[in-house]
Every structure is written in structure tokens, then in C-alpha cells.
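Trainee: I am new to this structure and would love a close look at one part of it. Could you take me through the place where the two domains come together?

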Amino acid sequence: MMAVQDVKRIYLSPPHMSGRERHYIDEAFETNWIAPLGPNIDAFERAVAAYAGTADAVAVSSGTAAIHLALRLLEVGSGDVVFCSSFTFVASANPIRYCGAEPVFIDSEPDTWNMSPDALGKALSAAALEGKLPKAVVVVHLYGQLAKMDEINALCGQYGVPVVEDAAESLGSTYKGKQSGGLGKFGVFSFNGNKIITTSGGGMLVSDDKALLGKARFLATQARDAAPHYQHSSMGYNYRMSNLLAGVGRAQLEVLEERVAARRAIFDTYKQALSGRDGIFFMPALEDSRPNRWLTAITVDEQLTGVTIPALLGALTDANIEARPLWKPLHLQPLFEGARFYAHGDGQPCCERLFNSGICLPSGSGMTAVEQVRVIDCINNVLEARAGSAAQTA
Ligand SMILES: *Cc1c(COP(=O)(O)O)cnc(C)c1O
């Protein structure tokens, strides 16, 4: 048997450079734009806005910073409430606390694994009855899968609550022909190292509201008033993206469509190879949408397969393959203990069931066919070993 260290590690979602990144970085060096402003930033912002179909875009140091700015622009403050998907990464909700506000978490629904319009409706009508509507709703497109945006926008519109799309994982996903991130009041993208395209670290805030995005630029550069001296009348941040990293982003954006195609093909290959197996289920897709399949996510029925999630993760780790559990719902996090939560339907919340039964498989756009076969073989071996031992004991 080969030792684990002899086989190359397969990562979950490593960076995938196009080769053009150095060109824009060199240009920045040659022109000495080594600062959080410059031509790469301007060009990257224009390109992302054009791609997302929004009037403008503001490049910042992280997706988290972009969410924070969106909430500041919506005047979220101390004592306010913001609704947020529970089934997500902690960065979706941390900025709510940065603003001194409290998150209320909304369950997922089974068609999309994303925010349940049913649970959102219950939460909104309860809030209206209490006379304290949320200042915003943060809706996440998990693993690049679109949430039911028509229903969510309709509900929020009914109560006059603005929607912030956390599209950190869904750049390149479309919903009824429109790009994610351009479907609410604000959209947020992330260019962290593990995302579908990367600047090593970075983010973007997009919107059709040019005036508010102008204010975002102001807040992101220490909120310096228009005065000859250094004068400040509001609290700002140092949140702008570096012109060097925006160069990386420009080159990455040029290949985004290829990256989406590659991740979608990886999803299809997994699905073809594994969906015939009893008890293995793939993340669904909404009709009329094109998810970018940032990560291929599956759920495993322990009864039908005889395989537990820890056993499957353990076998993949032993084979030097990086896989991860699905995001742990935020309403179960110690950090948010006591936060309110609205479930989808009765019984066990949808996102808890998904969390307990799901994993993400390696989905990097640079993964080779041979590497993907290694992942599939590993999973098949685990399933067959269990099936074999079940037959023996029967
Ligand atoms: C990555 C991610 C973020 C945060 O983006 P950063 O650029 O890492 O700050 C926010 N929300 C979700 C759902 C993410 O996956």
C-alpha cells in the first residue's frame, strides 16, 4: 500500500491562476501604483459591475468588509435586528455584531438548502407584530446555489426591508438570466483564496445605488471629509483593496466563465459516478438557474449506506484528500447562543438535518480527471466495504 505522503494531496478548492495575473501586477510595479488605489482597482471595479449587471462596484479588502459596509449603509446600529441565513459561514453574520445589532437566524428549505421563504415569512410577520422589523435581510447563496430570490424579494418588499445578497460563494451563478449579487439592494462577492476566483484576499460590494456606493468608498477610506486638512465627522474603516491584488482580480475575472464551466463539469462527473448509489444525494438546483457549483455538496443517508459522515471524512483524509462537513448552522454556534431562530416547517430544522448528513467534495477548477477519479474511487471503496460487511452480518 502506498503511504499517504506518497500521493499528492487533493485540496478542496485551491487557487487556480490564469497566467495573466503577473501582467497586471508588473504593470502596477512599473507605474508605481503600489497602494489601495490605482488603475487596476478602477478597471476591476468596472469589470465586476459589468459582469454582475449593477451600476457600480467597490473593491474592498474582504467579503466580510463588504457585508459590514452594506449594513453600515443601511444604517444598521446598536439595538437593531438583522435577519440572516443560518446555514452559512460565520462571516455572513459577524458584521451584524460589528454594527452592535443582533442576528435572527432563518432556516433553509430542501429545494435549495438556502433561506426558506416560509420561515422568513413567519419571522417577518412576527417582527411586524412586535413593531420591530429587521433593518436588513442577509441571504446567502450557499456553495453557489441560488436562493429562492423572487419569493424572498417579494416578502422583503412587502415589509420594506432591504435585501443584502451574500454572494461570496456564487460569483458566476445566474438566476432567471441575472447574475447573483445583482438581485437585491446590495450584493457581496469574496475573492478569498478558496473562492471560485481569487485575489488571495479581497471582496466587492455591488449595487445599482451609485450614491450609496460612493458613500461606501468614503467609509472604506477612513471617512475623510472634503477639507484641506484631515477632518472626520463619521467613523470609517481602512477597507480598500490593494491595486496589486486588483491586478490579480482582473486576470481572474477574464477566466471566470471557464472556471464556472469547470466546476459545473466536476459536479456532473461526481453526480454521474455516484448518484446511482442508494443513499447518496446531490445538492439540487433551482429551475431557471445556473449554479456555479463552487463546491460539490452531497448528503449521505447513514441508514441506506451504512456509512457515517465521520467515517467517510476519515477515509478521504487517509487518502490525502481534503473534504469538509457542510457549514455548521449559525444558530447552533456558541458565538450566537440565545439568538432567535425560525425553522422551516415542523420537526428537525432543515439546515440541522443537512449539517448532520452532508459533506463537500474537492471541487477546484484545476483538479484533473485522474484526481477526481481518485476521490470517486475512495468514496466507492468506503460504500462497498460497508455494503460488504452488512451482507456478511445479514
Ligand atoms: C467566504 C465567505 C464570506 C467572507 O468572505 P471573506 O472574503 O473571506 O471575508 C462570507 N460569506 C460566505 C458565505 C463566504 O463563503
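How many residues of domain 1 are in contact with how many residues of domain 2?

Mentor: Happy to help, and please keep in mind that we are looking at a predicted model. The contact involves 50 residues of domain 1 and 42 residues of domain 2.

Let me set the scene before we look closer. Domain 1 covers residues 21-255 of the protein chain, and domain 2 covers 257-393. Taken over C-alpha atoms, the centres of domain 1 and domain 2 lie 27 Å apart. Between domain 1 and domain 2, about 4100 Å² of area is buried, and carbon and sulfur atoms give 61% of that area.

Now for the polar side of the interface. Across it, 28 residue pairs are in polar contact, counting pairs with both residues at pLDDT 80 or more. On the domain 1 side, the elements that give two or more residues are helix H4 (94-98), strand E3 (102-106), helix H5 (117-130) and strand E6 (174-175). Helix H5 supplies the largest share of that side, with six residues. Sorted by class, the side of domain 1 that touches domain 2 holds 23 nonpolar, 16 polar and 11 charged residues.

Charged residues bring us to salt bridges. Side chains of opposite charge can pair when their charged atoms come close. One salt bridge is found across the interface of domain 1 and domain 2. In your view of the structure, look for Glu130 and Arg340: their side chains meet in a salt bridge, at 3.1 Å from N to O.

Strand E6 deserves a second look, since we have already met it on the domain 1 side. Strands of a sheet pair through backbone hydrogen bonds, either parallel or antiparallel. Here, three strands make an open sheet in the order E7-E6-E11, with antiparallel pairing. Strand E7 (178-179) and strand E11 (289-290) are at the edges with a single partner strand each, so one side of each has no neighbour in the sheet. Two bridges pair E6 with E11 in the antiparallel sense. You can find one of these places by picking out Thr174, whose bridge partner in E11 is Arg290.

For comparison, try another sheet. Four strands in the order E10-E12-E15-E13 form an open sheet, again with antiparallel pairing. Its edges are strand E10 (280-282) and strand E13 (324-325); each has a single partner strand, so one side of each is left without a neighbour in the sheet. E13 and strand E15 (residues 358-361) run antiparallel and are joined by two bridges. Pro325 has Ile359 as its bridge partner in E15.

Finally, a step back to the whole model: the salt-bridge count comes to 16. Among them is the pair of Glu371 and Lys8, whose closest N and O atoms are 3.5 Å apart. This pair links distant parts of the chain, 363 residues apart, with Glu371 in helix H13 (residues 369-393) and Lys8 in the segment before helix H1 (21-31).

Methods. Residues numbered from 1 in each chain as written. Predicted model: local features only at pLDDT ≥ 70, side-chain atom pairs only at ≥ 80, totals over all residues. Heavy atoms only, no water. Domains from an automatic or database assignment. Contact = heavy atoms within 4.5 Å. Buried area = accessible area lost by both parts, 1.4 Å probe. Salt bridge = Lys/Arg side-chain N within 4 Å of Asp/Glu carboxyl O. Polar contact = N/O pair within 3.5 Å; in protein donor to acceptor, adjacent residues only side chain to side chain. Nonpolar A, V, L, I, M, F, W, Y, C, P; charged D, E, K, R; others polar. Pairing = 2+ DSSP bridges.
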